[in-house]
Amino acid sequence: MILGFGSSQKEISLVGSGDGGLEKALLTLDPNQPQLLYVRIIFGDNKRNKFVFINFIPDAVSGIRKARLLMAKEEALKIIEFRHLEMQVTTKSEMSMEAINAKLAVAGGGSDSGNGDYSSAGSHK
């Protein structure tokens, strides 16, 4: 699932959801817009489901828009309570599967190698 600001730039709304994994979600992201992602990753040799919440705030975004997204994030987290990992990134390259697998392993993902298949609980349209 991807949440972002609509044309009003004041209210957060659903930008995209569906299947396709992190790779497809990254294709949907606008590199110039702050957005929130909630992604299901199938992690490790045991192929366990792990949920990752990502705050994508590009460096070029104004301070006011960053603040609006962070306020929206707090509201979203009241609904999306379950997550194994939360990340804040400024570029798409920081959201690679390698980076996420490494952070999941450190966050208690177990001793699996992280070489599982990946899917998304909602990535985009």
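Where is the place of Met 97? In this predicted model, Met 97 sits in helix α3, which covers residues 97-109. With a relative accessible area of 15%, Met 97 counts as buried, because the cut-off for that word is under 20%. Met 97 also has a partner to look for from far back along the chain: Phe 43 is 54 residues away in sequence, yet the two C-alpha atoms are 9.9 Å apart in space.

Next comes the sheet. Five strands make up an open sheet with mixed pairing, and reading across it gives the order β2-β1-β3-β4-β5. The edges are held by β2 (12-16) and β5 (85-89), each of which pairs on one side only. On average, neighbouring strands here are turned by 30° against each other, if direction is ignored.

Two of the pairings show what "mixed" looks like in practice. Strand β1 (residues 2-5) runs antiparallel to strand β3 (residues 35-43), and three bridges link them. Leu 3 is a handy place to look, since its bridge partner in β3 is Leu 36. On the other hand, β4 and β5 pair in the parallel sense, over five bridges, and Val 52 has Leu 85 of β5 as its bridge partner. To get from β4 to β5, the chain passes through helix α2 (residues 63-79), making a right-handed β-α-β crossover.

Strand β5 also has a neat two-sided pattern. Leu 85, Met 87 and Val 89 point to one face and are buried, whereas Glu 86 and Gln 88 point to the other face and are not buried. That fits a general habit: in a regular strand, side chains alternate between the two faces of the sheet.

So what fills the inside? In soluble globular proteins, nonpolar side chains tend to be buried together. Here the largest nonpolar core has 19 residues, and the members touching the most others are Leu 37, Val 52, Ile 54 and Ile 100. At least two core residues come from each of α1 (21-28), β3, β4 (48-56), β5 and α3. Strand β3 gives the largest share, with four residues. Val 52 is worth a closer look: leaving aside residues up to four places away in sequence, Val 52 touches Leu 37, Tyr 38, Val 39, Ile 41, Leu 85, Met 87, Ile 100 and Leu 104. There is also a second, separate core of twelve residues, among them Val 61, Ala 76, Leu 77 and Ile 80.

Methods. Residues are numbered from 1 along each chain as its sequence is written. This is a predicted model: local features need pLDDT of at least 70, side-chain atom pairs count only at pLDDT 80 or more; totals for chains, interfaces and linings use all residues. Side-chain values use heavy atoms; hydrogens and water are left out. Two strands pair if DSSP finds at least two bridges between them. Axes are lines fitted to C-alpha atoms, for helices over the stretch in contact, and angles run from 0 to 180 degrees between N-to-C directions. Buried means under 20% relative accessible area, exposed over 50%, partly exposed in between (1.4 Å probe, protein chains only). A nonpolar core is a set of buried Ala, Val, Leu, Ile, Met, Phe, Trp, Tyr and Cys residues joined through side-chain atoms within 4.5 Å. Contact means heavy atoms within 4.5 Å. A crossover is right-handed if, with the strands pointing away from the viewer, the path from the first strand over the helix to the second runs clockwise.
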